[in-house]
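Fire up your viewer and load the model shown below. We'll hop from one selection to the next.

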Amino acid sequence: MAMTQVEKDQVYERARHTSYDVYEIFVQASDLDPHVHVGSLLAPSPEWALQLARENFLRRADAINIWAVRRSDVHATPDDPDWFAREFDRKYRDVSGYADNARRWKRFKAQAMNIDDVIADVRKE
Amino acid sequence: MPEARREAFMARIRRGEKIEAHDWMPDDYRLLLLRLIHMHAVSEIMGAYPEKEWVPKAPTLRRKMSLMAKVQDEIGHGQLLLRVAEDLAAPLGRDRMELMDDVITGRVKFHNVFHMEAPTWADAGIIGWLVDGAAIITQTALLDCSYAPYARVLKRICAEESFHMQHGESIILSLAEGEPWQREMLQEALNRWWEAILFFFGPPVVTDAARRMMEYRIRSRTNEELRQKFLTRYVPRIRAVGLEIPDSALRFDEEAGLWRYTEPDWERWSRVVRENIGPKSQERIALRRMAHQDQAWVREALVRARTAAVV
C-alpha cells in the first residue's frame, strides 16, 4: 500500500535525525600484506560498514580481508611533532650507519653482504 | 591572539605543510574548502544521472557493463567526498543529511554540464570523453591541495578516472570509425556540448574566493589556465577524429601562447547553475529527492535493526 504524502513526511522527519557512525576502513590486499587504512565511510552498523567498504574501496582492487573500526575507537597520537622527536642521531640503528663497511671489506678482498642477496640465496634451489 | 593563530596557520601553508581535519584552521579556510568539496561531491552524484539514463539503452552488453561501472564509480566518488565534507561541516553542526538536503533546496550547486540532456549514444560518448576529460584536468590540478583529506581522496578518484578516460575514448573511437550517420551523430553531440564544456572551467576572472583559495594553497591554477590546458590536450584530438569544433573563432595565438575562443554565454550558464533551470535540472533533482526522502525510512530502519539486535 502506497504511503500518503503526510505519512512520507512523518517518516522523513523521523529519519532525518538518524545518524550513522563513521567507520575507518582498513584493507588487507594479501596474506603477506598488513591491513592498510584506505578511508572512512558512514554506516548504520559494523556489518553494513563491511559491505559498504567493499563497494566503496574494492570495486577493482583485490583483497582478502577488511577491518571496519568505529572512529571513536581509534586512539591516535597527539598532534605534536615533539612526540616523534629524535633526541639524537640514530644512524647506528640503520644500514646507512655502516656505509664504510664496503670500503673496508675491499682491503680484505671481499664484499659486504646485504639482506636482499641473502634472501635470494636462501630461496635458490 | 586570533591573529597570531591565523599567522601561524598561514606559515604552515607557506611551508607546504598539509592540514588535517582536526587541526585548527581559520573559518574562512574551512568555509572555502567546504563549499568546494560539497559542490564536488554533489556534482559527482548528479553527474551519474545523465549517464545512468544510457545504461538501459547502451548498444552492447559490454558497453552496458562498463557504463554501469562508471556510474557506480561516480556515486562512490560522491560518497568519499561527502565524508571529507562532513568532517569539515561537523564543527558547524551540519551532517550528511543536511548536505544532501541542500541539493533539493538548491543551496548547493552542481556543475553546469549535469543540467544538460544526453539525447543520443554519442552524447554518452562525449560526456565520457570530454566532460570527464575536463573534470580530470580540474581534479588533477587539486592533487597538491593543502587540505590532506581532500588530496588523499582525489588520489583515489584520479586513479579511477583513468578508466573513465579510456572508456570515453573507446566510445567515441567506435563512432568515429563507424558509418557516416554515426560520425554525424558524434558531430551533433559535440555541437551540443562544446559551449557547456568551455563554461565548465568557470569564468576567466579571478574572483576574490579563487584568489583566497590560491593563498591557502587549496588550488594553484586559475580557471583560465585549466581551460587552456584542456584546449591544448583536446583540440588536436577532436580534429584528428574528423570532428569540427563549433567555434569559427577558435585558434591558437602563437605569440601569446594562448587559445582564443568565443566565450560561452557566462550569464546564461551561471543562471542554469544558480537557479537550476537547465533542460534536465528539475527532473534530476526530483530523482535525487526520491532517493533521499522517499528512501529515508530504509536508512532509519537499518539503525533501528541494529538497536533492536543489541537489546
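Which residue in S3(A) is the bridge partner of Phe26(A)? Select Trp67(A): that is the partner of Phe26(A) in S3(A). Before going on, some ground rules: this is a predicted model, where local features need pLDDT of at least 70, side-chain atom pairs count only at pLDDT 80 or more, and totals for chains, interfaces and linings use all residues. Residues are numbered from 1 along each chain as its sequence is written, chains are lettered from A and ligands numbered from 1 in the order written, and side-chain values use heavy atoms, without hydrogens and water.

**The sheet in chain A**

Now show strand S1 (residues 21-28) of chain A, which runs antiparallel to S3(A) and is joined to S3(A) by six bridges. Helices (H or I, at least four residues) and strands (E, at least two) are DSSP runs numbered from the N terminus, and two strands pair if DSSP finds at least two bridges between them. Add S2 and you have an open, antiparallel sheet of three strands in chain A, ordered S2-S1-S3. S2 (36-43) and S3 (65-70) of chain A are the edges: each has a single partner strand, so one side of each lacks a neighbour in the sheet. From one strand to the next, the twist averages 30°; axes are lines fitted to C-alpha atoms (for helices over the stretch in contact), with angles from 0 to 180 degrees between N-to-C directions.

Next, pick helix H2 (residues 46-57) of chain A, which packs on the sheet, touches S1, S2 and S3 of chain A, and makes about 120° with the direction of S2(A).

**Over to chain B**

Select the interface: 26 residues of chain A are in contact (heavy atoms within 4.5 Å) with 28 residues of chain B. The two chains bury about 2400 Å² between them, 49% of it on carbon and sulfur atoms; that is the accessible area (1.4 Å probe) lost on being put together, summed over both. Highlight Tyr12(A), Arg59(A) and Arg60(A), which lose the most area to chain B on the chain A side, together 25% of what that side buries.

Five salt bridges (side-chain nitrogen of Lys or Arg within 4 Å of a carboxyl oxygen of Asp or Glu) run between chains A and B. Zoom in on Arg71(A) and Asp87(B), whose side chains form a salt bridge at 3.0 Å, N to O.

**Last stop**

Stay in chain B and select Arg284(B) and Glu53(B), a salt bridge with its closest N and O atoms 3.2 Å apart. Arg284(B) sits in helix H11 (residues 281-294) and Glu53(B) in the loop between helix H2 (27-52) and helix H3 (61-89) of chain B, 231 residues apart.
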